[in-house]
Amino acid sequence: MAEDIQEEVRKIAERIPGCRFVSLVGYDGITVVQHAIDANFDVNQCDAELSSIMLASKEVRNSLKLGNEKELIWLTENAFFTIHPVGEDYFIYCCLKSAGSNPGVARIELNKAKKTIHKIIYPE
């Protein structure tokens, strides 16, 4: 199971132009798997910090009764993040370079991958 997820994460990262890394993380902030290509900061710390954002987002959407979260996009001066929930316990995201990357491809790849990873984590 872990090898299947690791391979899926690696393939995603390598298919996205300008990708720094891809991580699958629990909402508890613990990294499940990651694949770094060109990370210029601590990926594990980023995983933990983004779990805080995802928990806050979950709280807001539940409070406002906004329904299930589909995607969160966060753009900073130095990075572009596309984050997708995978069930209630995990999220997968990619960090792209702020210039020379392709966020559209990232969104498509993560959207496809979250379905595959969901089937691995939550078999019927």
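The exercises below work through strands, helices and aromatic rings in a predicted model.

Residues are numbered from 1 along each chain as its sequence is written. Because the model is predicted, local features need pLDDT of at least 70 and side-chain atom pairs count only at pLDDT 80 or more, while totals for chains, interfaces and linings use all residues; side-chain values use heavy atoms, with hydrogens and water left out.

**Exercise 1. Strand S1 and its partners**

Determine how many bridges join S1 to strand S5 and how many join S1 to strand S2, and state how far S1 is covered.

Solution. Begin with the terms: helices (H or I, at least four residues) and strands (E, at least two) are DSSP runs, numbered from the N terminus, and two strands pair if DSSP finds at least two bridges between them. Strand S1 covers residues 19-26, and 8 of its 8 residues are buried, where buried means under 20% relative accessible area, exposed over 50%, and partly exposed in between, with a 1.4 Å probe and protein chains only.

Next, take the pairing with S5 (residues 90-97), where 7 bridges are found and the strands run antiparallel; in this pairing Val 22 stands opposite Cys 94. The pairing with S2 (residues 31-36) is antiparallel with 5 bridges, and here Val 25 faces Thr 31.

Finally, look at the hairpin of S1 and S2, which has 4 residues between the strands and in which Gly 29 takes a positive phi near 90 degrees.

**Exercise 2. Helix H3 and its length**

Compare the expected span of helix H3 with the distance between its end C-alpha atoms, and list its buried residues.

Solution. The expected span of a helix is 1.5 Å times one less than its number of residues. For H3 (residues 103-121), with 19 residues, this gives 27 Å, and the end C-alpha atoms are 26 Å apart, which agrees.

The buried residues of H3 are Ala 106, Glu 109, Leu 110, Ala 113, Lys 114, Ile 117 and Ile 121. As background to such a list, an α-helix has 3.6 residues a turn, so residues three or four places apart point the same way.

At the start of H3, a side-chain oxygen of Asn 102 comes to within 3.2 Å of the backbone nitrogen of Gly 104.

**Exercise 3. Two arginines in two helices**

Decide whether Arg 61 is buried or exposed, do the corresponding for Arg 10, and describe what surrounds each side chain.

Solution. Arg 61 lies in helix H2 (residues 43-63) and, at 9% relative accessibility, counts as buried. Leaving aside neighbours within four places in sequence, Arg 61 is in contact (heavy atoms within 4.5 Å) with Leu 66, Gly 67, Asn 68, Glu 69 and Glu 88.

Arg 10 belongs to helix H1 (residues 2-15), and its relative accessible area of 27% makes it partly exposed. The side chains of Arg 10 and Glu 7 are joined by a polar contact of 2.4 Å; the term denotes a pair of N or O atoms within 3.5 Å, of which, within protein, one must be able to donate a hydrogen and the other to accept it, and residues adjacent in sequence count only if both atoms are side-chain atoms.

**Exercise 4. The aromatic rings**

Find how many aromatic pairs the whole structure holds, and classify the pair of Phe 21 and Phe 41.

Solution. Rings of Phe, Tyr and Trp (its six-membered ring) pair if their centres lie within 6.5 Å, and planes under 30 degrees apart count as stacked, over 60 as edge-to-face and the rest as tilted. A search of the whole structure finds 7 aromatic pairs. Phe 21 and Phe 41 form one that is edge-to-face, at 5.8 Å centre to centre and 80 degrees between the planes. Since Phe 21 lies in strand S1 and Phe 41 in the loop between S2 and H2, the pair ties together parts that are 20 residues apart in sequence. Phe 21 is buried at 0% relative accessible area, whereas Phe 41, at 34%, is partly exposed.

The rings of Phe 91 and Tyr 93 have centres 6.0 Å apart and planes at 35 degrees, so this pair is tilted. Phe 91 is buried at 0%, and Tyr 93 is likewise buried at 0%.

To finish, ring pairs link Phe 21, Tyr 27, Phe 41, Trp 74, Phe 81, Phe 91 and Tyr 93 into a cluster. The charged end of Lys 58 sits over the ring of Tyr 27, 4.1 Å from its centre, the criterion being NZ of Lys or CZ of Arg within 6 Å of the ring centre and within 35 degrees of the ring normal.
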